[in-house]
Structures are given as structure tokens and as C-alpha cells.
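Work through these short exercises with the structure open beside you. Try each task before you read its solution.

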Amino acid sequence: MNQSNIESDKNSIFNRSIKLNMLELAGIIILGILAQWVAWKFRIPAILPLILIGLFVGPFSTMFSADGNKWIEPVWNGQNGLFPGESLFNFVSLAIALILFEGGLTLKKDEIKSVGPVIYKLITLGALVTMITAGIAAHFIIGLNWSLSFLFSSLIIVTGPTVITPILRNLPLKKDISTVLKWEGILIDPVGALIAVLVFEFISLSGDHGSEYTKETVIEFGKIIIIGFSIGFTSAYVFATSLRQRWIPHYLLNVVSLAIVLGVFVLADLFANESGLLAVVIMGMVLGNMKLTALKDVLYFKETISILLISILFILLSANINLTDLELIYNWNSLILFGCVVLIVRPLGVFLSSRKSSLTRNEKIFISWVGPRGIVAAGIASLFGLKLTMQGVDNANYITPLVFMIVLGTVLLNATTARIVAGLTKVLLKKSEGILIVGASEPSRLIASYLKNNKRRVVLIDSNRSNISQAKKEGLEAIECDIYEDAIFENIELNDIGFLLVLTGSNTINEYALNKLKSAFGEEGAFRLISAEEMRDPNVNPEEGLFSQTDDFINISEVVRDYPIINEVKITSAEHYEQLMKATMQEVKTIPIFLKGLENEIHIIPASYDQVKVEEGYTLMYIGKKLNI
């Protein structure tokens, strides 16, 4: 064979390898986004289909592939494959850095203060209890040394909103329970990540000595802490200054923030090896607690990047696991450890954290049961497991499969049994009585205040920040939210909402909000203000019309401006009710809004008021000028 033929064969092999890598990379992205869509469609945590797909195209595929190889082979320490050599290690490191930065941005110190003692204790005392008890369990059940045992336990501290929200979204729970689970998931992510990073740094410095920490190890650990915190804080304030001084044009803001995060990670690692993750977590936390309006765009961009990275990352990490790794945990000891985490570690942390709280025993039991581990736990576990394995630490190869077992097991267990346990513990609401009001203008706030004083839960949503701020000042529950986005559906604290009232000044928005939100939040009734056109035409009376056939947003705003009060009048008969309603239509400055039943229950009055059945003893509530009937 001449030289030209040899070169031709080499080029052909090279081109075939490039095409194969392109196919694998495209396949991973497509499968990852498909998994995200499946998770959205079936309302399950995205991590579940992602890891299962990764295992299927990775270790499981070797059992029925023609050549015995994986369909997708990331290759950790080889020279062939999608990520030859240490490329996968570098990609995972950078991806985890971006994910942890985004998590750090969500941690607000004011929110920690305001969420209540139970949640505060869950992310402090609860995290400590989990770390100690799970570490002891891993040491005695699996046989890991103390260092790896506490690394494992620090990794399973986190739950995460991405796994909590899909599980609880369709459960009509009491607000206290939803609030505890939601805020624990949000706040524990960066806190748990920080603890895991610190534990890992200490272990990695000790090498394979297990528990023998030398003076040099302590010094190096201190160096990592100082460098990580210093660069994290400094970078946060430099970036914040550049935002305040408008040194970065808006169209470059997202990509510049991406470059800065990667730069901070690499810079910190240059000064002190393994300090990069700590630096980006600190940077995110510091920035997240600064009042920077531009951060909203940065956070939205980071969330998008995180979704893409998570989709790629977990398929890669799952595919990188070998059958031999899975065989390490294919035994009774692993099952016993899983049982300890679910039945002992989690309940112990919850019950100790909720002592002397208003939560009942059944509510504590349910919160104890719902503790799925999430994306941060699996991602960091894979990275740290791979790093320690490369460093030659004994039994480090147990970390990734053990954490994956906890993640998959808890997600599957909670996703399939949460409703059953909620029913057994009687924490499900029998009826969704909460009221969601779209629009937080003055009329909405007046109505919400009245409902709140009558023991009804009311939530106002609006994209106008000043309206939301004013509502909160008045002691109302209000959420800044754009109805054209889907974030409102992710809020598990709204599970007890059954009534929808749309009260904005735009008829287009009113119709859109009603159509979009009524299936999720209007189970008991969904209504909107009528438009000016509908008000002028007495023959047009939409079924979803609210309060009156003669009043639109302008009318109700003028009445509230002149008479900001809600009056009550006792109804003596059906005929009396008819007279009252006709009187409100004749009096321009009076608008009927609710009926109060014999047991003080609130009934919303639709525009077709004659459809409402009333009895003697009912009370009519109306806004505006007092009637003389």
C-alpha cells in the first residue's frame, strides 16, 4: 500500500470519527431537550427522564449492542470518544460552575429571615442533622471511610425546586406545607452546594490518607477558603459596579456575565486548586443580595443556560457510568442505606427543625416523606466522584452511583406516593377555596383586603411592581408576575387556589388571562370584568362576566376612588335580592361584588346575577355609595 493510500485511509477514519462525534453530540442535545419536554408534559422532575435516558444509552446499552460498547461513550480517561482525555472532566467542571452560580443568585438573605423559623432551621439544623446521621449510616452500612461518608452525606443535603415543584404541583395542600417545601428547596440548593464544596476541598487535600489531615492540609484548605471567598466577593462587587455604571451594553450583558463566571472559576483555580466552585457560589450569593435590576435578565439567561447544560450534563454523566459501578451498589447494604435516608435521616431533621412550630404531627410526617434529592446533588456528586477517583482516593468510585441511587430512588418514591401519603396524613384540602386576583390596582386591593378580613386566602398577581409593592404594604399576599410567562404555574404555594378573578384595565389581557389560567386556578369559578363594548350592549352578557352588567374597569376604579368602602346589607328574601341588584344598576356609584352565605361562606356575583340562588339571611356586599333599601 503506497503512502497516498495510507493517508487516504487515515483521513477516512478521521472523518468517520468526526461524524460519529457530531452524531453523538447532536443526539445528546436532542435527547436532553426531549427529556425536558417529557418532564413538562407529564409533570415529573426533569432529572428522572434525563438520568434514565443516560443509563439506557450508556451502561445498559452494552447488554444488547452488537459490539458490546455503549451507544454514547463520553470516555473519561481515554483518547477516543466524544470527550477524549480529560475533556469531559473540564466540561463538567465548567457546567457545574455555571449551575452553582445560578443557584447562588437565588439565595436572598432577606428571604431567609422572612420565611419563618421552620424553614430557617431546615436549612441549618436540618442540614447539619442530615450530614451527621447520613454520614454515620454510610460509614457503618457501606463501609466508606469517614471522609467519603461525610462527603456523601453533604451531597444529599439538597432537595431543590426542580424536583419538589413537579411532585407537589397537583396536590391541593395547605399553604404552610407548600411554603415550607418550596422555600426549603430553593434555599437549600446553594447552602448545600457550599457545604459539599467545602467538604470536598478538605478531602481532596488529604489525598488517600482517609482521615489523616496534616498541618499542610489544613493550611491548603485555609488557602482555598480565603481565595474562594476573596475572589468571589471581589468579582461580585466589580461586576455590580460595571452594571451600575453601565459599562456593559444591554445586548452584551448575558454573554459578558457568562464570560465573567467562567473567568472567575478559572482564575480562582489558578491561585488555589479546587477553589473555583467556591468562588462562583460566593459570587452568585453576593450578587443575588444586591439590588440590581439588570440581574433579572442575567438570572433568566442563566436559567436558560442551566436547562441546556443540565440536559446535556446528566445524560453524559449517566452514560459515563459503567455496569461495574452499578454493581457496587447492587446489594442489600445500598437498599438499607436508602431506607435509612428516607425513614430515619429525613424525618429526624424535619421533626427537630419543626419543634414548637404550628405544624401538626401529620404535616411534619408528610414533609418528612417528601424529600427528593435533585440536580445539584447528582451533578456535584459526579464531578467530585470523578475528581477523587483520578486522585486515587480509595472507594471514591462509590460516591457517584450512591448519590445517583438516592436521587433516582427519592424522586421515584415521592412522585408515585406523595398523593397517597398526603391522603393518609389528611393534609390534602377538601376544597380549593383560595382566590387568585389578576391585577393589583386599587379596586383589586380593596376587594382582596375585604376577603382577607373574612378569612379567605387571596393572592394578587401583577406585572406592575409599584402595585405589588403597595399591596404588600397593605398586608396582602402579592406576587410580581407576567401572565404571558409560565412561572405562575410553577408556584406550588397556589395549590389551594380555586377561584380566579381577572380585574385589569385591559380587556385583551383579561380575556387572555382568563383563558390561560382558568384550568389551573379556576376550578370553583373563573370570572373577568366585562369590556366597555359588552357594557354598552345589554344583549351581550358573557358567562364569565364579573360583578355587574353595567360596570367595567373604569367604572369600578371611579367608584373605589370616590367611595373606597365595602358595604353590607342583609337579604330578607329572593325578591329583596332582586330589588337590591336593580338598585345597584341604577345607582352609578354602587357595584355589587359578593354574597355571604348562612355559614359566612363567600359567593362571587357574576354579571348574570339572576343565576345566583339566595336565601333569607344572606348578606349582599357592594362597593360604593350606600343604598337606601
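**Exercise 1.** Does E184 count as buried or exposed, and at what relative accessibility?

*Solution.* This is a predicted model: local features need pLDDT of at least 70, side-chain atom pairs count only at pLDDT 80 or more, and totals for chains, interfaces and linings use all residues. Residues are numbered from 1 along each chain as its sequence is written, and side-chain values use heavy atoms, with hydrogens and water left out.

Step 1. Recall the cut-offs: buried is under 20% relative accessible area, exposed is over 50%, and partly exposed is in between (1.4 Å probe, protein chains only).
Step 2. E184 has 3% relative accessibility, so E184 is buried.

**Exercise 2.** With which residue does E184 form a salt bridge?

*Solution.* Step 1. Apply the rule: a side-chain nitrogen of Lys or Arg lies within 4 Å of a carboxyl oxygen of Asp or Glu.
Step 2. The partner is R346, and the closest N and O atoms are 2.6 Å apart.
Step 3. Place the pair: E184 lies in helix α8 (residues 175-206) and R346 in helix α14, so the bridge ties together parts that are 162 residues apart in sequence. Helices here are DSSP runs (H or I, at least four residues), strands likewise (E, at least two), numbered from the N terminus.
Step 4. Check R346: its relative accessibility is 7%, so R346 is buried too.

**Exercise 3.** Which residues are linked with R457 in a network of salt bridges?

*Solution.* Step 1. R457 and E477 meet through their side chains in a salt bridge (2.6 Å, N to O).
Step 2. R457 lies in the loop between α18 and β2 (458-462) and E477 in strand β3, so parts 20 residues apart in sequence are tied together.
Step 3. Add D496: R457, E477 and D496 form the network.
Step 4. Compare with the cut-offs: R457 is buried at 15% relative accessibility, whereas E477 is partly exposed at 24%.

**Exercise 4.** Why does helix α6 count as largely enclosed by the rest of the structure?

*Solution.* Step 1. Helix α6 spans residues 146-155.
Step 2. Of its 10 residues, 8 are buried, so the helix is largely enclosed.
Step 3. Name some: L148, L151 and F152 are among them.
Step 4. Look at the start of α6: a side-chain oxygen of N145 reaches to within 3.1 Å of the backbone nitrogen of S147.

**Exercise 5.** Is T130 buried or exposed?

*Solution.* Step 1. T130 sits in helix α5.
Step 2. T130 has 8% relative accessibility, so T130 is buried.
Step 3. For contrast, F140 is also found in helix α5, but F140 is exposed at 61%.

Methods:
Polar contact = N/O pair within 3.5 Å; in protein donor to acceptor, adjacent residues only side chain to side chain.
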